[in-house]
Amino acid sequence: MALYEAHQAAGAANRAPAEQSRLLLRMGQAIEEGLRDAARAAATYRSALELDPAFVPALRRLRGICIATGAFAEAIDLAAREAALAPSPEPAAALVEIGERALATRRRLLDATVAMLERDGLLDLKVVDITREIGMAELDRLTRLVDDIDLLATVEGDGFTMTDVDLAALTARIGELV
């Protein structure tokens, strides 16, 4: 780690932004994988993206950290940015993962809330019915999202192009989900 930092500091003024970004990416990977410090790795990836906003490998690594730490809104923004820079099925798959994790997080929160209300004797059937309706609405939205993701996944194989897919609407739907 110290070697990366020393190398970066020594030649930062003489190094092109793209080269500095690559060095920061490698540094971030060492921090993430070796030190297991997600916050510091994310900061390093953000630094790489400040130097080169179109550096897709840093976008992907930062997106992975955001998903793992529950920063779903930022992960969605990063996936949309990546899709605009490098159209491929990978951002669509990332959006599916974000949606699934966000839904799982909401379910855990809902379960914890219901358990707390039951424990305290504050749960009444009206709350359960409302909660069930909200849950069903969330599942409906997720179903629509999966349909959109399936469309994106078939873009390459079925004769569609990325221009046939309304990526902005898809991103907005995932934003609604989280």
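**Exercise 1. Determine whether Ser21 is buried or exposed in this predicted model, and describe its surroundings.**

*Solution.* Ser21 has a relative accessibility of 0%, and therefore counts as buried. The cut-off for this class is under 20% relative accessible area. Next, place the residue in the fold: Ser21 belongs to helix H2, which spans residues 17-35. Finally, list its neighbours. Leaving aside residues up to four places away in sequence, Ser21 touches Ala48, Leu51, Asp52 and Phe55.

**Exercise 2. State which secondary-structure elements the protein chain contains and what share of its residues is buried.**

*Solution.* Begin with the elements: the protein chain has 8 helices and 0 strands. Along the sequence this gives the pattern α-α-α-α-α-α-α-α. Then turn to burial, where 33% of the 178 residues in the protein chain are buried. The accessible surface amounts to about 10,100 Å², with 57% of it belonging to carbon and sulfur atoms. As a last step, consider contacts with a separation of 6 or more: residues 24 or more positions apart account for 53% of these in the protein chain.

**Exercise 3. Describe how helix H4 packs against helix H5: at what angle do the axes cross, and which residues make the contact?**

*Solution.* H4 covers residues 56-69 and H5 covers residues 72-85; their axes come within 8 Å and cross at roughly 155°. Angles over 145 degrees count as roughly antiparallel, so H4 is roughly antiparallel to H5. The handedness follows as a separate step: H4 passes H5 in a left-handed crossing. On the H4 side, the contact is made by Val56, Leu59, Arg60, Leu62, Arg63, Cys66 and Ile67. H5 contributes Phe72, Glu74, Ala75, Leu78, Ala79, Arg81, Glu82 and Leu85. Sorted by class, the contact of H4 with H5 holds 10 nonpolar, no polar and 5 charged residues.

**Exercise 4. Carry out the analysis for H5 and helix H6: how are the axes arranged, and what is the class composition of the contact?**

*Solution.* Helix H6 runs over residues 89-119, and the axes of H5 and H6 come within 9 Å, crossing at roughly 170°. H5 and H6 are therefore roughly antiparallel to each other. From H5, the contact draws on Phe72, Ala75, Ile76, Ala79, Glu82 and Ala83. From H6, the participants are Glu90, Pro91, Leu95, Ile98, Arg101, Ala102 and Thr105. The class composition of the contact of H5 with H6 is 9 nonpolar, 1 polar and 3 charged residues.

Key:
Residues numbered from 1 in each chain as written. Predicted model: local features only at pLDDT ≥ 70, side-chain atom pairs only at ≥ 80, totals over all residues. Heavy atoms only, no water. Axes fitted to C-alpha atoms, helices over the stretch in contact; angles between N-to-C directions. Helix = DSSP H or I, 4+ residues; strand = E, 2+ residues; numbered from the N terminus. Parallel < 35°, antiparallel > 145°, perpendicular 65-115°, else oblique. Left-handed = near helix turned anticlockwise from the far one by under 90°. Contact = heavy atoms within 4.5 Å. Nonpolar A, V, L, I, M, F, W, Y, C, P; charged D, E, K, R; others polar. Buried < 20%, exposed > 50% of the residue type's maximum accessible area, 1.4 Å probe, protein only. Areas by Shrake-Rupley, 256 points an atom, 1.4 Å probe, with all protein chains shown as cover.
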